[in-house]
Amino acid sequence: MREKRKSSFLWGVVIFVLFQLSSCDPVTALWFKNCTSDTLFIGASHYDDIDSVCNRLLPPLSAGEVGDTTLLTLWGWTDCYIHNDEAIFPDSFCYIYEHCLFNNTDTSYLFLVKWSDAHRCSWDEIRANKLYRKWVVTRDKNGEHDMNIRYLDSDEQE
């Protein structure tokens, strides 16, 4: 009798967990690789304008609450704390959630700011001197995208 009770309880827990999981909206992370030789901060936008950046790409292990915090006002956010552990190193991966990058559009823009420029220059200097690069991300009909972020010889992508 006791064994039957345990089994019933276990099945109840499994059904409850499955019900909870099925009622959640799936969140999909899109992964990119920094194929440049620079450590970067990467902002994402739906528009071809660096001032319209509304999200950042992050490395998979950013702590977010470290003692070594630098106040950077990249992308015009007046109180945007960017931690040194949020920098994306060369040959490393970073991610952003799909709904932040492709929300009702198949093209988004990534703005790449070098770590050294972000620490050395103000936001106004970065924009005025164009101390950033742009990477256009286009999703194809299968939902695939180029995940390798790199610099091209010119500012225009092919």
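**Exercise 1. In this predicted model, find which residues I96 contacts, leaving aside neighbours within four places in sequence.**

Solution.
- Start at I96 and skip the nearby sequence positions. The contacts are T28, A29, L30, F32, A44, N55, R56, L57 and L101.
- Now place I96 in the interior. I96 is among the residues that touch the most other members of the largest nonpolar core, together with F32, I42, L57, L101, L110 and I149. That core has 17 residues.
- Next, list the contributing elements. β1, β2 (40–45), β6 (93–97), α2 (98–101), β7 (107–114) and β8 (132–138) each give two or more residues.
- β2 gives the most, with 3 residues.
- A separate core of 12 residues lies apart from this one; its members include Y109, V113, C121 and W123.

**Exercise 2. Determine how many disulfides the structure holds, and explain the result for C35.**

Solution.
- Recall the bond in question. A disulfide joins the sulfur atoms of two cysteines covalently.
- Search the whole structure. The count is 0.
- Check C35. The closest cysteine sulfur belongs to C94, and the separation is 9.7 Å. The cut-off is 2.5 Å, so the C35 sulfur is too far away for a bond.
- Add the accessibility. C35 is partly exposed, at 32% relative accessible area. C54 is also partly exposed, at 40%.

**Exercise 3. Work out which residues make the nonpolar surface patch of about 270 Å², and place W31.**

Solution.
- The patch is made by W31, F93 and M147.
- W31 sits in strand β1, which spans residues 29–34.
- W31 has 37% relative accessibility. Partly exposed means between 20% and 50%, so W31 falls in that class.

**Exercise 4. Decide whether K141 is buried or exposed, and find its distance from D106.**

Solution.
- Locate K141 first. It lies in the loop between β8 and β9 (148–149).
- Apply the cut-off. Exposed means over 50%. K141 reaches 84% relative accessibility, so K141 is exposed.
- Compare sequence and space. K141 and D106 are 35 residues apart in sequence, and their C-alpha atoms are 8.8 Å apart.

**Exercise 5. Describe the chain as a whole: its elements, burial and contacts.**

Solution.
- Count the elements: 4 helices and 9 strands.
- Read their order from the N terminus: α-β-β-β-β-β-β-α-β-α-α-β-β.
- Take the burial. Of the 158 residues, 31% are buried.
- Take the contacts with a separation of 6 or more. Residues 24 or more positions apart account for 72% of them.
- Finish with the surface. The accessible area is about 10400 Å², and carbon and sulfur atoms hold 53% of it.

Definitions and conventions
Residues numbered from 1 in each chain as written. Predicted model: local features only at pLDDT ≥ 70, side-chain atom pairs only at ≥ 80, totals over all residues. Heavy atoms only, no water. Patch = residues over 30% accessible without salt bridge, like charges linked within 9 Å, V, L, I, M, F, W, Y side chains within 5 Å. Areas by Shrake-Rupley, 256 points an atom, 1.4 Å probe, with all protein chains shown as cover. Salt bridge = Lys/Arg side-chain N within 4 Å of Asp/Glu carboxyl O. Buried < 20%, exposed > 50% of the residue type's maximum accessible area, 1.4 Å probe, protein only. Core = buried A, V, L, I, M, F, W, Y, C linked by side-chain atoms within 4.5 Å. Contact = heavy atoms within 4.5 Å.
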